[in-house]
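User: Hi! I'd like to go through this model with you and ask how each label is justified.

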Amino acid sequence: MSDLQLTTLVNPNIQSIPPQQPGVQSYFGENSNDLQFDSSNDIALVSGLDETTQDVQKILLTEQGANPSFPLYGTTIQGLIGNKMNPATISGTVQDQITTALQILFLLTQNRSNPAEIVQTLYSLQTTLQSETNIASLLTVIAANNEEITTGINVGNI
């Protein structure tokens with residue numbers, strides 16, 4: 001039996017910008033962190049749609065209550081790991097958690113000066129029970145500059 005984990009989905013149609021350098025992924029995570037390498041291999045902060053994508057992924061992967069300064073930040077999706085429930089119940093719970101998390105993220109980002117960094121609308125959300133131990137959710141969010149971000153989460157076996 002393998003452990004379950006919560007990760008972001010890899011969407012082959014969307015390239016992570018800026019890309020991580022080989023070998024750095026194990027140190028910096030899965031391309032969804034504040035620090036990235038720019039084209040000259042210097043460390044740079046992400047901004048614009050890259051930051052918004054990171055913000056969405058980060059709030060979905062964070063366990064609610066883990067940040068004492070913002071106790072409502074995150075989701076309780078981690079609590080589903082290891083539980084046996086009706087697939088429809090799991091799917092509904094995941095969708096509710098994602099929707100609530102994005103509402104909180106909107107409140108946290110609404111005062112940013114760059115419209116590409118403001119989460120404005122949840123455009124689409126699809127949750128699929130891929131197996132008894134794997135749930136995938138793919139979502140598209142529209143930023144305040146009307147650009148779309150597609151990302152998702154996967155709860156399943158490592």
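User: What makes β4 and β5 a pair, and in which sense do they run?

Analyst: Happy to start there. Two strands pair if DSSP finds at least two bridges between them. β4 and β5 have 10 bridges in the antiparallel sense, so they satisfy that definition. Among the facing residues, Thr128 stands opposite Ala136 of β5, and Leu129 has Ile135 as its bridge partner. The two strands form a hairpin, with two residues between them.

A word on the source: this is a predicted model, in which local features need pLDDT of at least 70 and side-chain atom pairs count only at pLDDT 80 or more, while totals for chains, interfaces and linings use all residues. Residues are numbered from 1 along each chain as its sequence is written, and side-chain values use heavy atoms, with hydrogens and water left out.

User: How many helices and strands are there, and what makes a stretch count as one?

Analyst: Helices (H or I, at least four residues) and strands (E, at least two) are DSSP runs, numbered from the N terminus. By that rule the protein has three helices and six strands, in the order β-α-β-β-α-α-β-β-β from the N terminus on.

User: Why does Gln97 count as buried?

Analyst: Buried means under 20% relative accessible area, exposed means over 50%, and partly exposed lies in between (1.4 Å probe, protein chains only). Gln97 has 18% relative accessibility, so it counts as buried. Gln97 sits in helix α3, residues 87-109, where the buried residues also include Ile90, Val94, Ile98 and Ala101. A general point on helices: with 3.6 residues a turn, residues three or four places apart point the same way.

User: What does Gln97 touch, and which backbone atom does its side chain reach?

Analyst: Contact means heavy atoms within 4.5 Å. Leaving aside neighbours within four places in sequence, Gln97 is in contact with Thr75, Thr76 and Ile77. Its side chain reaches the backbone nitrogen of Thr76 at 2.7 Å. For a polar contact, the N or O atoms must be within 3.5 Å; within protein, one must be able to donate a hydrogen and the other to accept it, and residues adjacent in sequence count only if both atoms are side-chain atoms.

User: How do you know that the span of α2 agrees with what is expected?

Analyst: The expected span of a helix is 1.5 Å times one less than its number of residues. With 13 residues, α2 should span 18 Å, and its end C-alpha atoms are 18 Å apart, so the two agree. α3 can be set against the same rule: its 23 residues reach 33 Å from first C-alpha to last, close to the expected 33 Å.

User: Which residues touch the most other members of the largest nonpolar core, and what makes a set of residues a core?

Analyst: A nonpolar core is a set of buried Ala, Val, Leu, Ile, Met, Phe, Trp, Tyr and Cys residues joined through side-chain atoms within 4.5 Å. The largest one has 19 residues, of which Val56, Leu60 and Ile98 touch the most other members. Two or more residues come from each of α2 (49-61), α3, β5 (134-143) and β6 (148-157). α3 gives the most, with seven residues.

User: Why is Thr121 called partly exposed?

Analyst: Its relative accessibility is 34%, so Thr121 counts as partly exposed. Thr121 lies in strand β4, residues 119-131. Not counting residues up to four places away in sequence, Thr121 touches Thr140, Val141 and Ile142.

User: And why is Thr150 called partly exposed?

Analyst: Thr150 has a relative accessible area of 22%, so it is partly exposed. This residue is in strand β6, and its side chain makes a polar contact with the side chain of Thr140 at 3.1 Å.

User: What makes β5 mostly covered?

Analyst: Nine of the 10 residues of β5 are buried. Across the 158 residues of the protein, 37% count as buried.

User: Why is Asn146 called exposed, and what is its phi?

Analyst: Asn146 has a relative accessible area of 63%, so it is exposed. Asn146 is found in the loop between β5 and β6. Its phi is positive, about 70°, although Asn146 is not a glycine.
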